Amino acid sequence: MEGKEWFQLSIEEVKRKFEVEEVQGLSELQVAKNRETYGLNELAARKKKSLLIKFLEQFKDFMIIILIIAAIISGVVGYYEGEGITDSIIILIVVIVNAIIGVAQESKAEKSLEALQKLSSHVVKVVRNRKCNSSTF
């Protein structure tokens with residue numbers, strides 16, 4: 001049982017862990033004790049990333065790194081040959097615009113996901129003191 005996640009446990013392992021009979025269910029005292037020990041039965045919310053972190057993460061893609069290196073090389077070669085750094089500036093502008101669009105799309109997707117999670121209702125069935133209860137949250 002050690003090292004396994006909760007969803008990987010068999011029914012028998014869960015019943016043994018919480019000292020519960022399937023027909024009886026948990027008593028209110030056991031529920032209170034488990035809440036004190038394990039906390040509420042809910043998924044932990046992820047910490048949201050700041051816009052700056054999201055923006056910087058856009059530059060982790062291999063092709064973006066190649067484009068940045070190409071812009072640097074183009075700028076250095078253009079500078080030493082007297083041709084200017086216009087090409088490298090254009091490449092960097094495209095990379096930055098791409099990062100801004102990526103952050104905007106990611107933010108919209110996260111907001112859509114949050115809205116969908118608020119719309120969905122969860123129904124659970126629990127046995128408490130030999131009574132089967134349904135609850136929506």
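**Exercise 1. Decide whether Lys54 is buried, partly exposed or exposed in this predicted model, and work out what its side chain pairs with.**

Step 1. Lys54 has a relative accessible area of 6%, and because buried means under 20%, Lys54 is classed as buried.

Step 2. The side chain of Lys54 meets that of Glu110 in a salt bridge, with 2.7 Å from N to O. This pair ties together parts that are 56 residues apart in sequence, since Lys54 lies in helix α3 (residues 51–57) whereas Glu110 lies in helix α5.

Step 3. The partner has another degree of cover: Glu110 counts as partly exposed, at 32% relative accessibility.

Step 4. Ser107 also belongs to helix α5, and once its neighbours within four places in sequence are left aside, Ser107 is in contact with Lys54 as well as with Leu51. At 16% relative accessibility, Ser107 counts as buried.

**Exercise 2. State how many salt bridges the model has, and describe the one between Glu12 and Lys15 together with the one between Lys49 and Glu57.**

Step 1. The count comes to four salt bridges, and the pair Lys54 and Glu110 from the previous exercise is one such contact. Side chains of opposite charge can pair when their charged atoms come close.

Step 2. Glu12 and Lys15 meet through their side chains in a salt bridge of 3.2 Å, taken from N to O. The two residues are three apart in helix α1 (residues 11–18), which means that about one helical turn separates them.

Step 3. The accessibility of the two partners is then read residue by residue: Glu12 is partly exposed, with a relative accessible area of 46%, whereas Lys15 is buried, with a relative accessible area of 19%. The value for Lys15 falls in the buried class because that class takes in whatever is under 20%.

Step 4. Lys49 and Glu57 form a salt bridge of 3.1 Å from N to O. Lys49 is partly exposed, with a relative accessible area of 44%, and Glu57 is likewise partly exposed, with a relative accessible area of 26%.

**Exercise 3. Determine which residues of α4 are buried, where they sit around the helix axis, and what covers them.**

Step 1. Begin with the helix itself: α4 has 19 residues and reaches 27 Å from its first C-alpha to its last, which is close to the 27 Å expected at 1.5 Å a residue.

Step 2. The buried residues in α4 are Ile64, Ala71, Gly75 and Gly78. They cover an arc of only 75° around the axis, and therefore lie on the same side of α4.

Step 3. On the face turned away from this buried side, α4 carries the exposed residues Phe62, Ile72, Ile73 and Tyr80.

Step 4. The cover over the buried residues of α4 includes α5. To follow one of these residues in detail, take Ile64, which is buried with a relative accessible area of 9%. Not counting residues up to four places away in sequence, Ile64 touches Gln58, Phe59, Val95 and Asn98. The C-alpha atoms of Ile64 and Val95 are separated by 6.8 Å, although the two residues are 31 residues apart along the chain.

Step 5. Just after α4, Gly82 takes a positive phi of about 80°.

**Exercise 4. Identify the residues that make the nonpolar surface patch, and relate them to the helices that supply them.**

Step 1. The patch, of about 930 Å², is made by Ile72, Val76, Tyr79, Tyr80, Ile85, Ile89, Ile93, Val97 and Ile101.

Step 2. At least two residues of the patch come from α4 (62–80), and at least two from α5 (86–119). Among the patch residues, Ile72 and Tyr80 were met in the previous exercise as exposed residues on the face of α4 turned away from its buried side.

Step 3. Ile85 is found in the loop between α4 and α5. Ile85 is partly exposed, with a relative accessible area of 40%, and qualifies on that count because patches are made of residues with over 30% relative accessible area.

**Exercise 5. Describe the surroundings of Phe18.**

Step 1. Phe18 has its place in helix α1.

Step 2. With its neighbours within four places in sequence left aside, Phe18 is in contact with Trp6, Leu26, Gln30, Asn34 and Tyr38.

Step 3. The C-alpha atoms of Phe18 and Thr37 are separated by 11 Å, and these two residues are 19 residues apart along the chain.

How values were computed: Residues numbered from 1 in each chain as written. Predicted model: local features only at pLDDT ≥ 70, side-chain atom pairs only at ≥ 80, totals over all residues. Heavy atoms only, no water. Patch = residues over 30% accessible without salt bridge, like charges linked within 9 Å, V, L, I, M, F, W, Y side chains within 5 Å. Areas by Shrake-Rupley, 256 points an atom, 1.4 Å probe, with all protein chains shown as cover. Helix = DSSP H or I, 4+ residues; strand = E, 2+ residues; numbered from the N terminus. Buried < 20%, exposed > 50% of the residue type's maximum accessible area, 1.4 Å probe, protein only. Contact = heavy atoms within 4.5 Å. Expected span 1.5 Å × (residues − 1). Arc of directions from axis to C-beta.
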